[in-house]
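These notebook entries record what I looked up in one structure. I kept each entry to a single topic.

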Amino acid sequence: MSETSANSDAAFCAGLVREHDFDRYASTLFMPPEPRRALLSLYAFNVEVSRIRDLVSQPLPGEVRLQWWHDTLTGHEHGGAEGNPVAAELLLTVQRFALPVERLTRLVDEHQFDLYNDPMPSMAALDGYLGDTRGALFALAAQIIAPPFADADHLAHHAGIAQGVLQVIASLPRDAAHRQLYVPLDLLARHAVGQEEMFSGKASPAIQEVIMDLRGQARQHLDHTLELARQAPPAVRPVLLPLALVRRDLARAGPRDDPFQPRPRSRLATLWTLWRAAGTASFRAR
């Protein structure tokens with residue numbers, strides 16, 4: 001691969017992440033160029049896989065796209081990997097940093113859930129889904145920028161759940177419109193909320209209790225992550241910068257917020273929060 005082509009692929013990945021996952025893109029701005037490029041290839045791959053459900057109208061084409069990524073990662077692609085800038089960059093990152101392909105293929109496999117309208121059955125199932133998707137990204141990113149350390153997977157797992165639970169809440173307006181349910185059924189049952197009530201897109205006191213319960217779960221995982229982070233090598237802390245946004249959103253949430261009203265975040269506010277957090281040991285948003 002020529003240097004010009006490689007630079008073009010890297011620029012494509014950066015643009016993709018900037019457009020579709022600004023939080024992670026912004027967090028890489030506080031890192032040196034070399035690990036930043038590798039992280040952007042990882043995050044671009046995540047964008048490509050996680051948005052498949054928004055690009056297809058039926059599950060089968062989505063399954064085909066996921067299988068292509070699975071085959072590409074395992075070396076069984078049927079042509080075209082070199083023509084895909086995200087795949088080309090990701091494969092370079094995998095080789096350079098010896099990333100475990102099994103973690104990447106498991107992430108791909110977990111996103112099969114997105115293609116169907118089966119509800120998330122339990123909080124344990126949601127924890128597993130988020131751990132193997134968002135948690136895997138934290139773990140792989142940590143491997144890129146820091147030497148191996150004890151509890152790395154444990155830390156990444158909790159970080160992924162804390163971030164992912166808040167994303168479940170943030171995505172409620174879109175998911176309700178598509179009759180897709182990531183809020184676990186056992187949590188709904190605990191608060192006597194039915195699936196159709198969630199799909200109605202109308203907030204009720206019971207639904208607000210569900211959301212408060214979810215935020216409590218996210219807060220517990222965030223606190224545990226930050227506790228583990230204090231024992232982690234300082235080099236890994238930039239990977240945890242997005243958790244400053246999690247802490248900020250938890251602090252600003254109110255018990256009577258309508259979860260079905262989208263709350264877009266200013267990119268400037270995101271950059272400000274990350275910039276302030278980057279100067280602290282615990283990445284607390286203030």
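The entries below go through helix geometry, helix packing, burial and backbone angles in turn.

**Entry 1. Model.** I note at the outset that I am working with a predicted model.

**Entry 2. Ala14.** I located Ala14 in helix α1, which covers residues 3-20. Is Ala14 buried or exposed? I found a relative accessibility of 16% for Ala14; buried means under 20%, so Ala14 counts as buried. I then looked for its contacts, leaving aside neighbours within four places in sequence, and found Tyr25 and Leu40. I also checked the pair Ala14 and Leu39: they lie 25 residues apart in sequence, and their C-alpha atoms are 9.5 Å apart in space.

**Entry 3. Helix α5.** I compared the length of helix α5 (residues 59-73) with expectation. The helix has 15 residues, and at 1.5 Å a residue it should span 21 Å; its end C-alpha atoms are 21 Å apart, so the two values agree. Which residues of α5 are buried? I listed Gly62, Leu66, Trp69, Asp71, Thr72 and Leu73. The elements that cover these buried residues include α3 (33-50), α4 (52-55), α6 (85-97) and α7 (101-110). Just after α5, I noted that Gly75 takes a positive phi of about 85 degrees.

**Entry 4. Helix α7 and its packing on α8.** I turned next to α7, where Arg103, Leu104, Thr105, Leu107 and Val108 are buried. Their cover includes α3, α5, α6, α8 and α9. I examined the pairing of α7 with helix α8 (residues 123-145): the axes are 9 Å apart and the packing angle is about 145 degrees. The crossing of α7 and α8 is left-handed. On the α7 side, I recorded Arg103, Leu104, Arg106, Leu107 and Glu110. They meet Tyr129, Asp132, Thr133, Gly135, Ala136, Leu137, Ala139 and Leu140 of α8. By class, this contact of α7 with α8 holds seven nonpolar, two polar and four charged residues. I noted that Arg103, Leu104 and Leu107 appear among the buried residues of α7 and also in the contact with α8.

**Entry 5. Helices α9 and α14.** At what angle do the axes of α9 and α14 cross? For helix α9 (residues 152-170) and helix α14 (residues 243-252), I found that the axes come within 10 Å and cross at roughly 50 degrees. That angle makes α9 oblique to α14. The crossing of α9 and α14 is left-handed. I traced the contact to Ala159, Ala162, Gln163 and Leu166 of α9, with Leu243, Val246, Asp249 and Leu250 of α14. I sorted the residues of this contact by class and obtained six nonpolar, one polar and one charged.

**Entry 6. Positive phi outside glycine.** I looked up Asp151, which is not a glycine and yet has a positive phi of about 70 degrees. Where does Asp151 lie? I placed Asp151 in the loop between α8 and α9. At 45% relative accessibility, Asp151 counts as partly exposed. I then looked up Ala192, a residue other than glycine with a positive phi near 55 degrees. Ala192 lies in the loop between α11 (185-190) and α12 (195-199). Its relative accessibility is 66%, and exposed means over 50%, so Ala192 counts as exposed.

Methods:
Residues are numbered from 1 along each chain as its sequence is written. This is a predicted model: local features need pLDDT of at least 70, side-chain atom pairs count only at pLDDT 80 or more; totals for chains, interfaces and linings use all residues. Side-chain values use heavy atoms; hydrogens and water are left out. Axes are lines fitted to C-alpha atoms, for helices over the stretch in contact, and angles run from 0 to 180 degrees between N-to-C directions. Helices (H or I, at least four residues) and strands (E, at least two) are DSSP runs, numbered from the N terminus. Angles under 35 degrees count as roughly parallel, over 145 as roughly antiparallel, 65 to 115 as roughly perpendicular and the rest as oblique. A crossing is left-handed if the near helix is turned anticlockwise from the far one by less than a right angle, and right-handed if clockwise. Contact means heavy atoms within 4.5 Å. Ala, Val, Leu, Ile, Met, Phe, Trp, Tyr, Cys and Pro count as nonpolar, Asp, Glu, Lys and Arg as charged, and the others, Gly among them, as polar. The expected span of a helix is 1.5 Å times one less than its number of residues. Buried means under 20% relative accessible area, exposed over 50%, partly exposed in between (1.4 Å probe, protein chains only).
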